[in-house]
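Trainee: I've got a structure open and I'd like to learn how to read it. Can we go through some features together?

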Protein chains: 2
Amino acid sequence: VSALRETSRRLRALGLTRATLLVDERRARANIRRFRDRADAAGVLLRPHFKTHQSAAVGAWFRDEGIDRATVSSLGQAAYFAEHGWRDLTLAVGANPLEAAEYDALAADVRLGLLTDSEAAVTALAAALTRPVRLWLDVDVGDGRTGVPWQDTVRLGALIRCAAASPALEIAGLLTHAGHAYGASGPAAAAAVFRESLHRLRACREALAGTVPGPLALSAGDTPGFSAVRDWSGLDEARPGNFVFYDLMQLEAGACTPDDLACAVAAPVIGVYPDAGRVVLHAGAVHLSREVLAGPAGPCFGRLLSLDDGGFGGILPGWSLASLSQEHGVLEGRDATAREGLADLEPGDLLLLAPVHSCLTCEQFQSYRGLDGAVLERYRRP
Amino acid sequence: VSALRETSRRLRALGLTRATLLVDERRARANIRRFRDRADAAGVLLRPHFKTHQSAAVGAWFRDEGIDRATVSSLGQAAYFAEHGWRDLTLAVGANPLEAAEYDALAADVRLGLLTDSEAAVTALAAALTRPVRLWLDVDVGDGRTGVPWQDTVRLGALIRCAAASPALEIAGLLTHAGHAYGASGPAAAAAVFRESLHRLRACREALAGTVPGPLALSAGDTPGFSAVRDWSGLDEARPGNFVFYDLMQLEAGACTPDDLACAVAAPVIGVYPDAGRVVLHAGAVHLSREVLAGPAGPCFGRLLSLDDGGFGGILPGWSLASLSQEHGVLEGRDATAREGLADLEPGDLLLLAPVHSCLTCEQFQSYRGLDGAVLERYRRP
């Protein structure tokens, strides 16, 4: 019996009928433990980014490993996790003055951290906040998206002194997202970005010493760098997020192994075209997102995984999700074995797709399913 | 006062604080009327695809133009519109035998159309359905995604005779989606795809005449082709969908003018970088989708629109949404005027982004807002 047929049989036994995001809890818990252990060994506070899963149920797996603080990327996510008992949250996207009153309300229940690189935002927050909030300064260590460039300590110093003048703002430290680690060509390059980022944050802190009040903690977080480097010493706080599920993008970058992939989309077959070596699934951009990898044989929007008895299995070679429209995904069989397996399929079968970018794929679902059938609730963006 | 500042002032007057999908009702209604008029003039039944808006509120604007039937792309959408009083719906994605019992339940309230190119699916539907359902045969006129190739009338004939043997399945006709019209280089090329598709559907029907029972209606639908061609004669049914809102992809293909763009995302500024000519918005892939246009100056994920007194204005030249991460969008100012306007902005301002692909951007929101502040509810995928 082929792996395709066995996978379909097991997915049908779960009672699935339409595109559904499945989580392999055993793998996700192993990913969490690996990073918790690295943080503990280096004496670094792990404040995992919850933007990947956005699920109170998955958050509970972090709690089981002793982690009771997190990072989020929207006010809505912060409010959701606060409702689910999380009392220490950093909103690591530039503060939005239009939300200042809502930050203030949230700070009644939560030790809230905010982020900015803007004096206008600091002024607006200072005017609106009535409760203490921790403020992180956004530092650009080379990514070029947001943040004050790390060399510009004159501007950073002025920003910190402006914030320190407000009784509601407690200066937490310097925070960076080395997003350029995602462009690294492999683990060695991602590790080099990690080390350079740390070096730049430390140089920045040294240059500011004595010119601004209080100690400055250093916070960084990106999954490629924190996967490539085992020793996180020198940082105060680590904020990676994607590592809980990983995905094909991280796999291609060498940040994980196929055995670490912990979420995948089960999807029904709706068309089989043996002559063309093609299978069409009712799983499109609305389920997977349009995130894409450039492969030697063209774009890849996903790969097939097998479902074994104990959980997710390996990647089925010879198959690639080669194109994606709103509701359709087109799987191409690219070798003789794959094309032979195709003859076993018909509409009503189910297959399992590893996503290119798990953060975006998870965002497309209102809840997930565990392999035991449990429903894992998640935040629903308005 | 710059258009940026005026747009921000008007968006703030709407009470918006975070990324919000706005619909210009006047433009959408004009788009609907234009296509209704073309359908009426040609004696073609307009069965608009509702996958773009998925909103009962927007559906009501179609009803106002006398349209009481629609196309959808999932069982969930069909059930949603049935709840909102729509009694004639075609689910134009290959039928999924795992959902057969749910199709049957829906057919109690709805004149339901299904689609397939698979004998296995026909057999499964015939076994499960207890209520009459209209069945469309999926014909591939050149797109290469789903459907029986239009020349393969032997297979099509066998499929139709197989379906006709089931008392629950009423043969509706031949249905195609000329998705390759999206790859056309402009209106003339899209019109050529339209004419070729119609020619192939008619040739297919002629070849089948006398070999299968009953008349076969011809149904086609894609916005580029139906925008480029004014005379739709020869078809029985037209199923375009995107035209209700259009988007930058359609604009680039010459299918619409900037004045037809009827949905856009209002988003808060969270970072301003005058030296780099860059503005960062809290609007990322989770709000806009990762759909992208390849421009001469690199990828484009969106363009800035002005908001005027009466509604959406024109595209603000010199600006492009040049990169997109999960929650962040990076706007680049590419000429001197754009870079000067940047000095007017600060966190707390709001800007308006025209999306690349409105179907995918709409999918990222649980509801929309009209320019009068009205909340437009939409289907929420589970």
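Mentor: Let's take a strand, the symmetry, the cavities and some single residues in turn. Keep in mind that this is a predicted model.

Trainee: Okay, strands. How do I start reading one, say S8 of chain A? Is it buried or exposed?

Mentor: A general idea helps here. In a regular strand the side chains alternate between the two faces of the sheet. Now the case at hand: strand S8 of chain A covers residues 169-176, and 7 of its 8 residues are buried, so the strand is largely enclosed by the rest of the structure.

Trainee: Which strands does S8(A) pair with?

Mentor: One partner is strand S6 of chain A, residues 133-140, which runs parallel to S8(A) and is joined to it by 6 bridges. To find that pairing on screen, look for A:Leu135, which stands opposite A:Ile171 in S8(A). Another partner is strand S9 of chain A, residues 217-220, also parallel, with 4 bridges to S8(A). There, A:Thr176 stands opposite A:Ala220 in S9(A).

Trainee: What lies between S8(A) and S9(A) in the β-α-β unit?

Mentor: Helix H8 of chain A, residues 187-208. Together S8(A), H8 and S9(A) make a right-handed β-α-β unit.

Trainee: Next, the two chains. How are A and B related?

Mentor: The general idea first: two copies of a chain are related by a rotation about an axis and a shift along it. Here a rotation of 180° with 0.0 Å of shift along its axis puts chain A onto chain B, with an RMSD of 0.0 Å. The two copies are therefore related as by a two-fold rotation axis. If you want a landmark, A:Arg290 has the C-alpha nearest the axis in chain A, at 2.7 Å from it.

Trainee: And holes inside the protein? How many cavities are there of 30 Å³ or more?

Mentor: There are 8 of them. The largest holds about 210 Å³ of space. It has 16 lining residues, and nearest its centre lie A:Glu363, A:Gln366, B:Glu363, B:Gln364 and B:Gln366. Sorted by class, that lining has 8 charged, 4 polar and 4 nonpolar residues.

Trainee: What about the second largest cavity: how much space lies in it, and which elements line it?

Mentor: That one holds about 100 Å³. Its lining counts 13 residues, with A:Ser289, A:Gln364, B:Ala285, B:Ser289 and B:Gln364 nearest the centre. The elements giving two or more residues to this lining are helix H11 (285-288) of chain A, plus helices H11 (285-288) and H13 (358-363) of chain B. By class, the second lining divides into 6 nonpolar, 4 polar and 3 charged residues.

Trainee: B:Ser289 shows up there. What is its phi?

Mentor: Most residues other than glycine have a negative phi, and most peptide bonds are trans. B:Ser289 isn't a glycine, yet it has a positive phi of about 80°. You'll find B:Ser289 in the loop between H11 and strand S13 (293-295) of chain B. At 7% relative accessibility, B:Ser289 counts as buried, because the cut-off is under 20%.

Trainee: Which residue could I look at alongside it?

Mentor: Try B:Gln54, with a positive phi near 50°. B:Gln54 sits in the loop between strand S2 (45-46) and helix H3 (56-64) of chain B, and it is buried, with a relative accessible area of 1%.

Trainee: Is B:Asp37 buried or partly exposed?

Mentor: B:Asp37, in helix H2 (residues 25-42) of chain B, is partly exposed at 42% relative accessibility.

Conventions. Residues numbered from 1 in each chain as written. Chains lettered and ligands numbered in written order. Predicted model: local features only at pLDDT ≥ 70, side-chain atom pairs only at ≥ 80, totals over all residues. Heavy atoms only, no water. Buried < 20%, exposed > 50% of the residue type's maximum accessible area, 1.4 Å probe, protein only. Pairing = 2+ DSSP bridges. Right-handed = clockwise from strand over helix to strand, strands pointing away. 1 Å grid on protein atoms, 1.4 Å probe; cavity = no way out; pocket = protein on both sides within 12 Å on 5 of 7 lines; lining within 4 Å. Points joined across faces, edges and corners; volume = space filled by probe spheres on them. Nonpolar A, V, L, I, M, F, W, Y, C, P; charged D, E, K, R; others polar. Least-squares fit on C-alpha atoms with pLDDT ≥ 70 in both.
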